[in-house]
Amino acid sequence: LVKLASKLAPAAEFQSGDAQDLPFADNSFDALVCGYGILHVPDPERTLREMYRVLRPGGCVALSSWDIETPNTGLGLIYGAVRTHANLNVPLPHGPDVFQFSTRDKMRSALTEIRFTNVDAIQFPQNWRVKSGKQLLDAVHEGTVRTRAVLAAQTGEAIAKIIASLEQPFTGMRACDG
């Protein structure tokens, strides 16, 4: 990611590091952004404390997480189909609950507990342009870690059932251009 970011924004400075032990002095940043990263650290609370530590007083932090409050979201559709048709008793890579921050109340609570102030959590649309349940499943398979492990452990028959159940919601979700 650092290599890609450096290529896309050559004037910016990027470095690899441990989000749970940020290599920066206290009060170093005016703003922090964590796009879906909080879902992938072993100790999310420790990471939030580190973010708080390096943020200047009055600074802003923005985090994103998957939403489970809105019906028919991409991951919601996937997890519904997986719960119905898959064997969930499979070994998974270590990691926190992917839905740990997935409601506005959970996100607000987590940030407030760390002592962030003026906390708000909002939902915002993220529209995925996929044409089928299979394409949605492929996107999640390629773009996730723990869900990928669940999917990789399934039989061909289970995957076929998951795909078939994902096709149904697409009937009412077509955009004007298909």
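## Two helices and a pocket

In this predicted model, helix H3 (residues 74–85) packs against helix H7 (residues 156–170) at an angle of about 140°, and their axes lie 9 Å apart.

**Exercise 1.** Work out which word fits the way H3 sits against H7: oblique or roughly antiparallel.

*Solution.* Start with the angle, which is about 140°. Next, look at the cut-off: an angle has to be over 145 degrees to count as roughly antiparallel. The angle of about 140° makes H3 oblique to H7. To finish the picture, add the handedness: H3 passes H7 in a right-handed crossing.

**Exercise 2.** Find the residues where H3 and H7 meet, then sort them by class.

*Solution.* Go through H3 to begin with: Leu77, Ile78, Ala81, Val82 and His85 are its contact residues. Now switch to H7, where they meet Ala158, Lys161, Ile162, Ser165, Leu166 and Pro169. Sort the residues of this contact and you get eight nonpolar, two polar and one charged.

**Exercise 3.** Describe the second largest pocket: how much space does it hold, and what lines it?

*Solution.* Take the volume to begin with: about 1,000 Å³ of space lies in this pocket. Then turn to the lining, which has 28 residues, with Gln15, Gly17, Ala19, Leu22 and Val33 nearest the pocket's centre. Now ask which elements help out: helix H1 (2–8), strand S1 (29–35) and helix H2 (44–54) each supply at least two lining residues. S1 gives the most, with six residues. Last step, the classes: the lining has 18 nonpolar, eight polar and two charged residues.

Methods. Residues are numbered from 1 along each chain as its sequence is written. This is a predicted model: local features need pLDDT of at least 70, side-chain atom pairs count only at pLDDT 80 or more; totals for chains, interfaces and linings use all residues. Side-chain values use heavy atoms; hydrogens and water are left out. Axes are lines fitted to C-alpha atoms, for helices over the stretch in contact, and angles run from 0 to 180 degrees between N-to-C directions. Helices (H or I, at least four residues) and strands (E, at least two) are DSSP runs, numbered from the N terminus. Angles under 35 degrees count as roughly parallel, over 145 as roughly antiparallel, 65 to 115 as roughly perpendicular and the rest as oblique. A crossing is left-handed if the near helix is turned anticlockwise from the far one by less than a right angle, and right-handed if clockwise. Contact means heavy atoms within 4.5 Å. Ala, Val, Leu, Ile, Met, Phe, Trp, Tyr, Cys and Pro count as nonpolar, Asp, Glu, Lys and Arg as charged, and the others, Gly among them, as polar. On a 1 Å grid over the protein atoms alone, a cavity is a set of points where a 1.4 Å probe fits but cannot get out, and a pocket is an open set with protein on both sides within 12 Å along at least five of seven lines; lining residues have an atom within 4 Å of a point. Grid points are joined across faces, edges and corners, and a volume is the space filled by probe spheres set on the points.
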